[in-house]
Structure formats: structure tokens, C-alpha cells
Amino acid sequence: MKKNQGNKYWTNPYVAYNIYPKLVKVLTKFLEPGWKILDAGCGIGNLAKFLPSYYKLYGCDIQKSALAEAKQLKKYEKIIYADLNKKLPFKDCEYDAAVSVEVFDYLSDPWFSLRELARVVKYRVIVVVPNYNWLKFFYGSHKLPKYTKHTLDFNVNFLINLGKTCDLNIEKIFYISNKFERFRNLFGNWLASNVGIVYKK
Ligand SMILES: C[S@@+](CC[C@H](N)C(=O)[O-])C[C@H]1O[C@@H](n2cnc3c(N)ncnc32)[C@H](O)[C@@H]1O
């Protein structure tokens, strides 16, 4: 992907994607204190700003400028350049868990990437993506959104099938919304901004 592509949308969680406080409430139920966690596609470190400091957090991304910003937060044990479309530079079971927020929708082969993340963790991989159930009506299927390079319509069915293909157990499916949550909840999970899944090895 191009350097800085869409970066303005990723740099300020308060403007675009402030799902992190709600997300962290879910994550902490599945990630045990003291665990070594890989933030896969960490960007500028939005998740790190909200995740409790009792985790040993490692961040990796393909965008060097974002990694430099993430490093300045001093919330990560280590920041690593890694391409999730390729074999990861980590040993089998090197981490306890991996969390990937708004990243899988940029990957060319999410099946390969999920297998790789599953290889490098002992217990769980948690993936959160935009919920394209409704977004596609605004932007059109497979053309989502202009500033990104999304190639697939991610929704809960996609995530379930992704896990099954990769021989992972599905422990939990959850929905989060960034803005207008009360209004969105009137329609069940349909209008939620994000859908997440907890895969267990
Ligand atoms: C929407 S941002 C999300 C960043 C971060 N997870 C967050 O929640 O703020 C998408 C991130 O995925 C990263 N990314 C895209 N393709 C990647 C790849 N092949 N390998 C690693 N990171 C990738 C981008 O560089 C960017 O930082």
C-alpha cells in the first residue's frame, strides 16, 4: 500500500474511529494481564493509548511513518516493521495473543494473514473490521471507501468463514459503534460501525 495512504483518517481517534474505549472493555475479557500482545497493524498506536499498561504490548505495521509515531508513545515494548501479507518475522507462539484493528480490510490475502497470526500466538487472535453491512449501500460493494484499498466486503459472515477456513474456533463475535450508538442500536447490530471476532486456537 502507498505510504501514508489514508493517514489523515487514522491519526485522530477522536475524529474518526473512537471505538477504542469500548473495544478495550471487550478485549480485556479475552486478554489476561501480563500477556504478550501483538498489535498487528498498529498504525500510530491508537489501541496502545487505551489498552491497560498491564499488557506487554508489541506493535507491527507496514507504514514506517506510523511506526515512528507509535514509538513516541512509549507504550510498546517494541515496534517492528512487518508486512501482514507476508510470512511474519516472529517465531511460532511468540505472543500470547494478537489484536488487529481495522487492518484486515486492507490485506490482499486475509486467509494467509490470519494463519500467520495464529501461528505466532499461543491463544487468541482478535480481529476488528468495519461492518460493511450498511457501508456498502453508501459506497458500493468492493469500492469502499475511496481513500482506502479495500477489496472485500467484511461483515460477520466473512469473519466466521475466515476463521473456519483457518481451522480456528470462534469464541465471541461483538459489535461496536463509534458515534450515534443509541440510534444505531435501534437497528440491532446492523448499523454498528465495527464488527469484531475472537478466534481461539
Ligand atoms: C485504519 S489503520 C488502523 C491502524 C490501527 N490498528 C488503529 O486502530 O489505529 C490500518 C493500518 O493497517 C496497516 N496496514 C495495511 N496493510 C498492511 C500490511 N500489509 N501489513 C501491515 N500493516 C498494514 C496500515 O499501515 C495502517 O496503519
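These numbered points comment on the strands, one helix and the ligand surroundings of a predicted model.

1. A good place to begin is strand β2, which covers residues 56-61. Five of its six residues are buried, so β2 is largely enclosed by the rest of the structure.

2. The pairing of β2 can be followed on both sides, beginning with β1, to which β2 is joined by five bridges, the two strands running parallel. Strand β3 (residues 78-81) also runs parallel to β2, and four bridges join this pair.

3. Glycine 59 of β2 is a useful residue to find in the structure, since its partners can be named: aspartate 39 stands opposite glycine 59, and in β3 the bridge partner of glycine 59 is isoleucine 79.

4. Between β2 and β3 the student should look for helix α4 (residues 64-73), as β2, α4 and β3 together make a right-handed β-α-β unit.

5. Helix α5, residues 110-120, has as its buried residues Pro110, Ser113, Leu114, Glu116, Leu117 and Val120. Viewed down the axis of α5, these buried residues fall within an arc of 160°, and therefore they line one face of the helix. What do the buried residues of α5 pack against? They pack against three strands, β1 (36-40), β4 (95-101) and β5 (121-130), and against helix α7 (156-165).

6. Around the ligand there are 19 residues, of which Gly41, Gly43, Asn46, Gln63 and Leu84 come nearest. Sorted by class, the shell around the ligand consists of eleven nonpolar, five polar and three charged residues.

Conventions
Residues are numbered from 1 along each chain as its sequence is written. This is a predicted model: local features need pLDDT of at least 70, side-chain atom pairs count only at pLDDT 80 or more; totals for chains, interfaces and linings use all residues. A residue is near a molecule or strand if its C-beta atom, placed from the backbone, lies within 6 Å of it. Ala, Val, Leu, Ile, Met, Phe, Trp, Tyr, Cys and Pro count as nonpolar, Asp, Glu, Lys and Arg as charged, and the others, Gly among them, as polar. A residue is buried if 20 or more other C-beta atoms lie within 10 Å of its own, exposed if 12 or fewer, and partly exposed in between; C-beta atoms are placed from the backbone. The arc is that of the directions from the helix axis to the C-beta atoms. Two residues are in contact if their C-beta atoms, placed from the backbone, lie within 7 Å. Two strands pair if DSSP finds at least two bridges between them. A crossover is right-handed if, with the strands pointing away from the viewer, the path from the first strand over the helix to the second runs clockwise.
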